[in-house]
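Please look over the chain shown here before reading the notes that follow. They begin with a question, then give a short overview, and then take up one topic at a time.

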Amino acid sequence: MVTRSLIHVSVFPGWIAGVTYHRGEGYRCWVINPDLAVLNDGEVYPSSQAAIAAGRQFIHYSLEAGSSG
């Protein structure tokens, strides 16, 4: 049986970033965008801090790209 746990959630205006832990694998980051699409980069991170940093970076770049148009 695979054990998964929700480790961390961060909320940004219109966005949610979360980290799950998968025993035997590591940490994964999930992002929910303003259109309610759930996104994952497919990466496994060695720590929850690294995973949430990836989510924050994705959100930052997405917000930056949306404001430059």
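Against which strands do the buried residues of α1 pack? In this predicted model, the buried residues of α1 pack against β1, which covers residues 4–12, and also against β2 and β3. The protein as a whole has one helix and four strands, and along the sequence these elements follow the pattern β-β-β-β-α.

**Overall layout**

- Along its principal axes, the C-alpha trace of the protein spans about 45 × 20 × 15 Å.
- The protein has 69 residues, of which 29% count as buried.
- If one takes the contacts in the protein with a separation of 6 or more, 22% of them are accounted for by residues that lie 24 or more positions apart.

**The sheet**

- The four strands form an open sheet in the order β1-β2-β3-β4, and their pairing is antiparallel; the edge strands are β1 and β4, each of which pairs on one side only.
- As general background, the strands of a sheet pair through backbone hydrogen bonds, and they may do so in a parallel or an antiparallel way.
- The antiparallel strands β1 and β2 are joined by eight bridges, and one of the pairs brings together Val 11 and its bridge partner in β2, Ile 16.
- Ile 16 also has a bridge partner in β3, namely Ile 32, and β2 and β3 pair in the antiparallel sense over seven bridges.
- Two bridges join β3 to β4, again with the strands running antiparallel, and here Val 31 stands opposite Leu 39 in β4.
- Five of the seven residues of β3 are buried, so this strand is largely enclosed by the rest of the structure.

**The turns between strands**

- The hairpin of β1 and β2 has two residues between the strands, and in this hairpin Gly 14 takes a positive phi near 85°.
- The hairpin formed by β2 and β3 has three residues between them, and Gly 24 in its turn has a positive phi of about 90°.
- The hairpin of β3 and β4 has five residues between the strands, and Leu 36, which lies in the loop between β3 and β4, has a phi near 65°, a positive value in a residue other than glycine.
- Most residues other than glycine have a negative phi, which is why a positive value in such a residue deserves a second look.
- Is Leu 36 buried or exposed? Leu 36 has a relative accessible area of 68%, and because the cut-off for exposed is over 50%, Leu 36 counts as exposed.

**The helix**

- The 20 residues of α1 should span 28 Å at 1.5 Å a residue, and the end C-alpha atoms of α1 are 29 Å apart, which agrees with that expectation.
- The buried residues of α1 are Ser 48, Ala 51, Ile 52, Ala 54, Gly 55 and Ile 59; they cover an arc of only 150° around the axis, and therefore they lie on the same side of α1.
- On the other side of α1, the residues Gln 49, Ala 65 and Ser 67 are exposed.
- The helix α1 packs on the sheet and touches β1, β2, β3 and β4, while its direction makes about 155° with that of β2.

**The nonpolar core**

- The largest nonpolar core has eleven residues in all, among them Trp 15, Val 19, Tyr 27, Val 31, Tyr 45 and Ile 59.
- At least two residues of this core come from each of β2, β3 and α1, and α1 gives the most, with four residues.
- In soluble globular proteins, nonpolar side chains tend to be buried together.
- Cys 29 belongs to this core, and beyond its neighbours within four places in sequence, Cys 29 is in contact with Gly 18, Leu 39, Asn 40, Asp 41, Ala 51 and Gly 55.

**A closer look at His 22**

- His 22 is placed in strand β2, which covers residues 15–22, and Arg 4 stands opposite His 22.
- Is His 22 buried or exposed? The relative accessibility of His 22 is 6%, and because buried means under 20%, His 22 counts as buried.
- Leaving aside its neighbours within four places in sequence, His 22 is in contact with Thr 3, Arg 4 and Arg 28.

Technical notes: Residues numbered from 1 in each chain as written. Predicted model: local features only at pLDDT ≥ 70, side-chain atom pairs only at ≥ 80, totals over all residues. Heavy atoms only, no water. Buried < 20%, exposed > 50% of the residue type's maximum accessible area, 1.4 Å probe, protein only. Contact = heavy atoms within 4.5 Å. Core = buried A, V, L, I, M, F, W, Y, C linked by side-chain atoms within 4.5 Å. Expected span 1.5 Å × (residues − 1). Arc of directions from axis to C-beta. Pairing = 2+ DSSP bridges. Axes fitted to C-alpha atoms, helices over the stretch in contact; angles between N-to-C directions.
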